[in-house]
Amino acid sequence: MKYYLFGNWKCNPTNAQEAKKLFSDTAKGVKRSEKVETAVFPPFCYLAEFAGKKKEVAIGAQNCCFKESGAFTGEVSPKQIADLECKYVLIGHSERRKLFFETDGFVNEKTKLALSFDLIPVVCVGETDEDRTAGRAVEVVKNQLAAGLKDVDVKKVFAAYEPVWAIGTGKACGIAEAREMARVIREVLGPDTPILYGGSANAKNGAVYLKEAGYNGLLVGGASLKADEFAKMFQEIEGLE
Ligand code: PEP
């Protein structure tokens, strides 16, 4: 069984010196492994510095434009990201959906375009607190998958289940709920799409999602900014049978 440990740095760190240190400390804390693939997703401004530099750590972008090039001020296209030798791109992270009004339609266009440049899209889905309280969690996630991955070869993408209420809150999803959502996502996408869990994962709880809830890996925000914590997560996952 192959596992994945992905770190989403979001809009951090705020200077190149700290970013370089975090990257080199992260690379030191993990190793190239047949069992666990590690990737980090730094801000765009550091991609060229890190992509292809360390064999222990693959690089991904946190977002991409829905067009290849042209009059799209402030955007970075998947072709430009692929040209930097990045491997992955996050698409439809809940912060993009909420703060930058990204719709499932955008997610779908971006996913298709990223695939056309041989990037591996990591498509993020997840319900809000309100959705879960109203009993709509499964329906919301199924709808996001259906629309975001319409006409997409799902064997070529990763899915990340990130309940919005668990992101950055310290309130990680319960194992039973996470297991149920992994089951639902696998039912929709089939057995060949790796599924990651994300939402307040850390060295204490992370490996449990893989061992007990059927996930193939983790998408980690806050804890990926601490190289020692991230290294512990790597070790925990490497130690799984
Ligand atoms: C994320 O932003 O993808 C994430 C999972 O964040 P955190 O681990 O901080 O909850």
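## A walk around the barrel

Start by selecting Asp131: setting aside neighbours within four places in sequence, Asp131 is in contact with Arg136, Ala137 and Val140. You'll find Asp131 in helix H6, which covers residues 129-133. Is Asp131 buried or exposed? Asp131 counts as buried because its relative accessibility is 12%, and the cut-off for buried is under 20%. Keep in mind as you click around that this is a predicted model.

**Next stop: the strands.** Switch to a cartoon view and look for the eight strands that close into a barrel. Go round in the order E1-E2-E3-E4-E5-E6-E7-E8, and you'll see that the pairing is parallel. From one strand to the next, the twist averages 25°.

Now pick out strand E1 (residues 3-8) and strand E8 (residues 217-220), which run parallel and are joined by four bridges. Which residue in E8 is the bridge partner of Phe6? Click on Leu219, and you have that partner. In general, strands of a sheet pair through backbone hydrogen bonds.

**Then a helix on the sheet.** Select residues 175-189, and you've got helix H8. H8 packs on the sheet and touches three strands: E5 (120-125), E6 (158-161) and E7 (195-198). The direction of H8 makes about 155° with that of E6.

While you're on H8, zoom in on Val188, which is found in this helix. Val188 counts as partly exposed, because its relative accessibility is 40%, and that class runs between 20% and 50%. Leaving out neighbours within four places in sequence, Val188 is in contact with Lys142 and Leu145. Try a distance from Val188 to Val154 too: these residues are 34 apart along the chain, and their C-alpha atoms are separated by 9.8 Å.

**Into the nonpolar core.** Nonpolar side chains tend to be buried together in soluble globular proteins. Here the largest nonpolar core has 64 residues. Select Leu5, Ile185, Tyr197, Tyr215, Leu218 and Ile237 to see the residues with the most contacts inside this core. Helix H8 gives the largest share of the core, six residues. Apart from that core lies another, of 13 residues, with Tyr88, Phe158, Leu196 and Leu219 among them.

Stay with Leu218 for a moment and show what's around it. Not counting residues up to four places away in sequence, Leu218 touches a whole list of residues, including Tyr4, Leu5, Phe6, Tyr197, Tyr209, Met233 and Ile237.

**The ligand.** Show the ligand and the 14 residues around it. Which of them come nearest? Highlight Lys10, Glu162, Gly168, Ser200 and Gly221 for the answer. Three of these names are worth a closer look:

- Lys10: an N or O atom in its side chain is 2.6 Å from an oxygen atom of the ligand.
- Glu162: a polar side-chain atom lies 2.7 Å from an oxygen atom of the ligand.
- Ser200: here a backbone N or O atom lies 2.7 Å from an oxygen atom of the ligand.

**Last stop: a loop.** Go to the loop between helix H1 (16-29) and strand E2 (36-41), and click on Ser33. Ser33 counts as buried, since its relative accessibility is 14%. Its side chain reaches the backbone nitrogen of Lys35 at 3.0 Å. Which residues does Ser33 touch, not counting those up to four places away in sequence? Select Phe234 and Glu238, and you can see both of these contacts with Ser33.

Technical notes
Residues are numbered from 1 along each chain as its sequence is written. This is a predicted model: local features need pLDDT of at least 70, side-chain atom pairs count only at pLDDT 80 or more; totals for chains, interfaces and linings use all residues. Side-chain values use heavy atoms; hydrogens and water are left out. A nonpolar core is a set of buried Ala, Val, Leu, Ile, Met, Phe, Trp, Tyr and Cys residues joined through side-chain atoms within 4.5 Å. Buried means under 20% relative accessible area, exposed over 50%, partly exposed in between (1.4 Å probe, protein chains only). Helices (H or I, at least four residues) and strands (E, at least two) are DSSP runs, numbered from the N terminus. Contact means heavy atoms within 4.5 Å. Two strands pair if DSSP finds at least two bridges between them. Axes are lines fitted to C-alpha atoms, for helices over the stretch in contact, and angles run from 0 to 180 degrees between N-to-C directions. A residue is near a molecule or strand if one of its heavy atoms lies within 4 Å of it. A polar contact is a pair of N or O atoms within 3.5 Å; within protein, one must be able to donate a hydrogen and the other to accept it, and residues adjacent in sequence count only if both atoms are side-chain atoms.
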